[in-house]
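The following exercises are to be worked with the sequence and the structure in view. Each task is followed by a solution in steps.

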Amino acid sequence: MIDIKVPTIGESISEVTLLKWTKQQGAWVERDEVIAELESEKATFEVNAEKAGILHPLAKEGDTLHIGDVLAQIDETAAKPEGAPAQETAPAAAAQKPVSNQAPVTSVPNDIKATPVASAIIADKKVDPASIKPSGTGGKILKHDVLDALNNPGKKAFAGNELFTRVVRQEKMSNLRRTISRRLVESKNTTAMLTTFNEVDMTRIMEVRKQYKDKFKEQHGVNLGFMSFFAKACAIALGEWPSVNAYIDGDHIIYHDYADISIAVSTPRGLTVPVMRNVESLGMADIEKKVVELAGKARDSKLTAEELQGGTFTITNGGVFGSLMSTPIINIPQSAILGMHKIQDRPMAINGQVVIRPMMYLALSYDHRIIDGKESVSFLVRVKELLENPELLLMGKDPVKTLLEV
């Protein structure tokens, strides 16, 4: 037997939570095959089998484990079962839904499991499958389930319960959620946080994206999104307003002559904030590729401890969820965070005329202990200027003004 221990994943991390086993008791595992997922206070990560053999888990899902604890044992002397696949996935780890053996009805999504009669009624009556509580085996929707939904229009119980139930559930907070909770409270309690607002006309950026998106995708293999414009604008503004890119350490102020920008990514398990390094030195395509990479890793729980550490400034985009305006909380020990919001067509007075423009509210929350009002407002105005005139992102200055040296 060989012991599989909880690995060291960071200097400050002493315990983890066992999220799930991807292989079950007695299953055959190949060397380097993923057998479990663990969650620390910062991220989730996988544990691999060090040898091929029969797995014997020693901990249960939900258990809190310390670094170095024995997670499982593998009997490497056992013979491989005849016909065992090289990668045998445990039932608990299966994320895909079983495919129904019934022919799907055109108007019913293929991943909705329903009997043929139930599917026909759903399609005919245009019933939202999400409003139906399935009672069949494996979550299959039966005929009487659809009829019950039709007899109770506009009424939907929580979490698949019956109507008028009074169910109260209790779940243990995950390590990640506890960390988020602790850090948010710490941020509110230890910083003198204020928020300043502005709005940006997204017309030029949207024109540039429309004009060059196909060529950009063809040339670089990645979509031209908004984040590259915002990250580049912030990197330039951070260089001009160093205090926004600094933080307090005791009696000292730590300045950074580079822009490591954290991007807030919402995942099913909570908020993670991976870091893009040296944004001031990256091109637009480099930024877009990094955003896609980090966001994908965050959602797949593949982020490393290094990718979550550091960061001199944060950008968060509540607009993807429909937020029109909010006051983001500083990601300590940083001193400022920029909040992006929903782009909304609004009537604007321009040169004495009312015109419709795609507008976005911006919010900059900052630590007033280190950043004065003038600096915070000037920083946000500079970001606004760079976004409304994206040609300035190339060198930070107006080409004509540079030519005239004014």
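**Exercise 1. A surface residue**

Is F197 buried, partly exposed or exposed, and what is its relative accessible area?

*Solution.* The model is a predicted one, and every value below is computed from it.

Step 1. Locate the residue: F197 belongs to strand 9, which covers residues 193–201.

Step 2. Read its accessibility: the relative accessible area of F197 is 36%.

Step 3. Apply the cut-offs: values under 20% count as buried and values over 50% as exposed, with partly exposed in between. F197 is therefore partly exposed.

Step 4. Look at its surroundings: together with L324 and M325, F197 makes up a nonpolar patch on the surface, and the accessible area of the three is about 250 Å².

**Exercise 2. A salt bridge between two loops**

Determine which parts of the chain are tied together by the salt bridge of K23 and E33.

*Solution.*

Step 1. Recall the principle: side chains of opposite charge can pair when their charged atoms come close.

Step 2. Check the distance: between K23 and E33 it is 3.3 Å from N to O, and the cut-off for a salt bridge is 4 Å.

Step 3. Place both residues: K23 is in the loop between strand 2 (15–21) and strand 3, while E33 is in the loop between strand 3 and strand 4, so the pair ties together parts that are ten residues apart in sequence.

Step 4. Consider accessibility: K23 has a relative accessible area of 1% and is therefore buried. E33, at 5%, counts as buried too.

Step 5. Add the second partner of E33: its side chain also reaches the backbone nitrogen of E30, at 2.9 Å.

**Exercise 3. Salt bridges within helices**

How many residues apart are E186 and R182, and in which helix do they lie? Answer also for E388 and K384.

*Solution.*

Step 1. Take E186 and R182: both are in helix 3 (residues 175–190), four residues apart, about one turn of the helix. Their closest N and O atoms are 3.7 Å apart, and the two form a salt bridge.

Step 2. Examine their exposure: E186 is partly exposed at 33% relative accessible area, and R182 is partly exposed at 42%.

Step 3. Take E388 and K384: these residues lie in helix 8 (residues 373–388), four residues apart, about one turn of the helix. In their salt bridge the closest N and O atoms are 2.9 Å apart. E388 is partly exposed, with a relative accessible area of 21%.

Step 4. Set these pairs in context: the structure holds 18 salt bridges. A network of salt bridges also links K290, E293, K297 and E307.

**Exercise 4. A buried acidic residue**

Which backbone nitrogen does the side chain of D367 reach?

*Solution.*

Step 1. Locate D367: strand 19 (residues 353–367) contains this residue.

Step 2. Judge its accessibility: with a relative accessible area of 2%, D367 is buried.

Step 3. Find the contact: the side chain of D367 reaches the backbone nitrogen of A192 at 3.2 Å.

**Exercise 5. Charges over rings**

Identify the ring over which the charged end of R209 sits, and the ring whose face R346 lies over.

*Solution.*

Step 1. For R209, the ring is that of F226, with the charged end 4.2 Å from the ring centre.

Step 2. For R346, the ring is that of Y361, and the distance to the ring centre is 4.1 Å.

**Exercise 6. Unusual backbone geometry**

Where does the backbone depart from the general pattern that most residues other than glycine have a negative phi, and most peptide bonds are trans?

*Solution.*

Step 1. Inspect the peptide bonds: the bond joining I332 and P333 is cis, with omega about 5 degrees. P333 is in the loop between strand 16 (313–317) and strand 17 (336–340).

Step 2. Inspect phi at D32: this residue is not a glycine, yet its phi is positive, about 70 degrees. D32 lies in the loop between strand 3 and strand 4, and is exposed, with a relative accessible area of 53%.

Step 3. Inspect phi at S301: the value is positive here too, near 60 degrees. S301 is in the loop between helix 6 (284–299) and helix 7 (305–308), and at 10% relative accessible area S301 is buried.

Technical notes. Residues are numbered from 1 along each chain as its sequence is written. This is a predicted model: local features need pLDDT of at least 70, side-chain atom pairs count only at pLDDT 80 or more; totals for chains, interfaces and linings use all residues. Side-chain values use heavy atoms; hydrogens and water are left out. A charge sits over a ring if NZ of Lys or CZ of Arg is within 6 Å of the ring centre and within 35 degrees of the ring normal. A polar contact is a pair of N or O atoms within 3.5 Å; within protein, one must be able to donate a hydrogen and the other to accept it, and residues adjacent in sequence count only if both atoms are side-chain atoms. Patches are made of residues with over 30% relative accessible area and no salt bridge: like charges are joined within 9 Å, nonpolar side chains (Val, Leu, Ile, Met, Phe, Trp, Tyr) within 5 Å. Accessible areas come from the Shrake-Rupley method with a 1.4 Å probe; for residues, only the protein chains shown count as cover. A salt bridge is a side-chain nitrogen of Lys or Arg within 4 Å of a carboxyl oxygen of Asp or Glu. Buried means under 20% relative accessible area, exposed over 50%, partly exposed in between (1.4 Å probe, protein chains only).
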